[in-house]
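Please open the structure in your viewer, with a selection tool and a distance tool to hand. The tour goes from one selection to the next and says at each stop what is there.

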Amino acid sequence: QHRTPGPVSHMNAFAFRAASSFPGFAKSGRCHMGAKGSTSRTATRASSSSSSDNMNLSDGCKGAPVADGVKLPILCGEEVMSAKAHGSTELPVQENLRWNCDQKVADKICCFNRHYAEYAGYWEATSFLKEVDRTVETTYYDSVTGKPLFIAPRGRTFEEFAKESKNHGWPSFRDEEVVWDNVRVLKSSGEAVSADGTHLGHNLPDRTGNRYCINLVSVAGRPL
């Protein structure tokens with residue numbers, strides 16, 4: 001079920017403050033996550049709070065800490081998300097994003113954010129499903145830098161990729177679909193980011209392996 005986007009305006013550090021109408025966020029939602037080899041469980045997004053810092057915002061899925069000794073995901077430290085010229089990135093997101101993704105929503109999620117997300121099902125409300133070529137792999141580019149981040153579907157059909165993404169509410173990628181030259185995950189939180197500091201989403205492993213739950217607005221860039 002899609003939720004009505006809530007109001008969002010300015011921010012400080014990596015927290016949004018609700019003040020004026022702003023598309024792309026919801027009060028609450030659900031995402032499915034589970035440790036590999038265990039029963040899948042549902043992580044509920046935090047309900048909207050009366051606090052001005054998070055009122056009417058989707059609080060995002062909490063990623064899973066990465067176990068020691070695994071080959072994937074490739075890890076990084078907090079320095080990747082350190083303050084730069086434009087939040088956690090050097091530049092704002094591109095103005096002409098693919099699939100009619102909202103540039104202002106994308107800029108807040110990508111550059112001034114660590115866990116808030118576009119509302120569940122946002123990607124289905126864009127032109128993505130109408131425009132994507134279902135017969136070939138699609139490359140998903142960083143909305144800030146234009147670097148390739150994901151290539152999907154790989155090892156499955158587009159229908160399988162779309163079904164999993166619809167079930168969880170956000171585009172969901174697997175290890176073989178990640179461009180590891182440009183994507184990193186924070187060990188302690190499971191936050192998925194670009195190597196250039198763009199917030200992408202979170203890693204939510206399940207019984208079949210790592211699943212990267214990604215905001216479409218973060219990967220709607222055009223190659224530069």
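**First stop: a strand and its hairpin**

Begin by selecting T138, which lies in strand β6, residues 138-141; strands here are DSSP runs of E with at least two residues, while helices are runs of H or I with at least four, both numbered from the N terminus. What you see is a predicted model, in which local features need a pLDDT of at least 70 and side-chain atom pairs count only at pLDDT 80 or more, whereas totals for chains, interfaces and linings use all residues. Residues are numbered from 1 along each chain as its sequence is written, and side-chain values use heavy atoms, with hydrogens and water left out.

T138 is buried, with a relative accessible area of 10%, where buried means under 20%, exposed means over 50% and partly exposed covers what lies in between, using a 1.4 Å probe and protein chains only. If you set aside neighbours within four places in sequence, T138 is in contact with W99, V132, D133, F150, I151 and A152, a contact being heavy atoms within 4.5 Å.

Next, add β7 to the selection: β6 and β7 run antiparallel and are joined by 4 bridges, and two strands pair if DSSP finds at least two bridges between them. Within this pairing, Y141 has P148 in β7 as its bridge partner. The hairpin of β6 and β7 has 6 residues between the strands, and there G146 takes a positive phi near 80°. Strand β7 is mostly covered, since 4 of its 5 residues are buried.

**Second stop: the nonpolar core**

Now select F128, Y140 and F150, the residues with the most contacts inside the largest nonpolar core, which has 38 residues. Such a core is a set of buried Ala, Val, Leu, Ile, Met, Phe, Trp, Tyr and Cys residues joined through side-chain atoms within 4.5 Å. At least two residues each come from α1 (103-111), α2 (122-125), α3 (128-131), β7 (148-152), α4 (158-168), β9 and β12, and α1 gives the most, with 5 residues. In soluble globular proteins, nonpolar side chains tend to be buried together.

Centre the view on Y140 to follow its surroundings: not counting residues up to four places away in sequence, Y140 touches R98, W99, F128, K147, P148, L149, F150, A152, F161, F173 and V219.

**Third stop: two cysteines**

Select C110 and C111, and ask how many disulfides the rule yields. The count comes to 0 disulfides, a disulfide being a pair of cysteine sulfur atoms within 2.5 Å. The sulfur of C110 has its closest cysteine sulfur in C111, 5.5 Å away, which is too far for a bond. C110 is buried at a relative accessible area of 0%, and C111 likewise counts as buried, at 0% relative accessibility.

**Fourth stop: the open sheet**

Which order do the strands of the open sheet of 6 strands follow? The order is β5-β9-β10-β11-β12-β8, with mixed pairing, and the edge strands are β5 (75-76) and β8 (172-173), each of which pairs on one side only.

Start from β5, which runs parallel to strand β9 (residues 183-186) and is joined to β9 by 2 bridges; here C76 stands opposite L186. Moving on, β9 pairs with strand β10 (residues 191-194) in the antiparallel sense over 3 bridges, and V185 stands opposite A192. The hairpin of β9 and β10 has 4 residues between the strands, with G190 taking a positive phi near 75°. Further along, strand β11 (residues 199-203) and strand β12 (residues 212-214) pair in the antiparallel sense over 3 bridges, and G201 has I214 in β12 as its bridge partner.

**Last stop: the whole chain**

Zoom out to the full chain, which has 4 helices and 12 strands, and in which buried residues make up 55% of the 224 residues. Among contacts between residues at least 6 apart in sequence, 64% join residues at least 24 apart.

Finally, colour by pLDDT, the predictor's confidence in each residue from 0 to 100. The chain averages a pLDDT of 80, and 73% of the residues score at least 70. Over residues 1-22 the pLDDT is below 50, although this stretch has 75 contacts in the model beyond near neighbours in sequence. Over residues 32-57 the pLDDT is also below 50, and this stretch has 76 such contacts beyond near neighbours in sequence.
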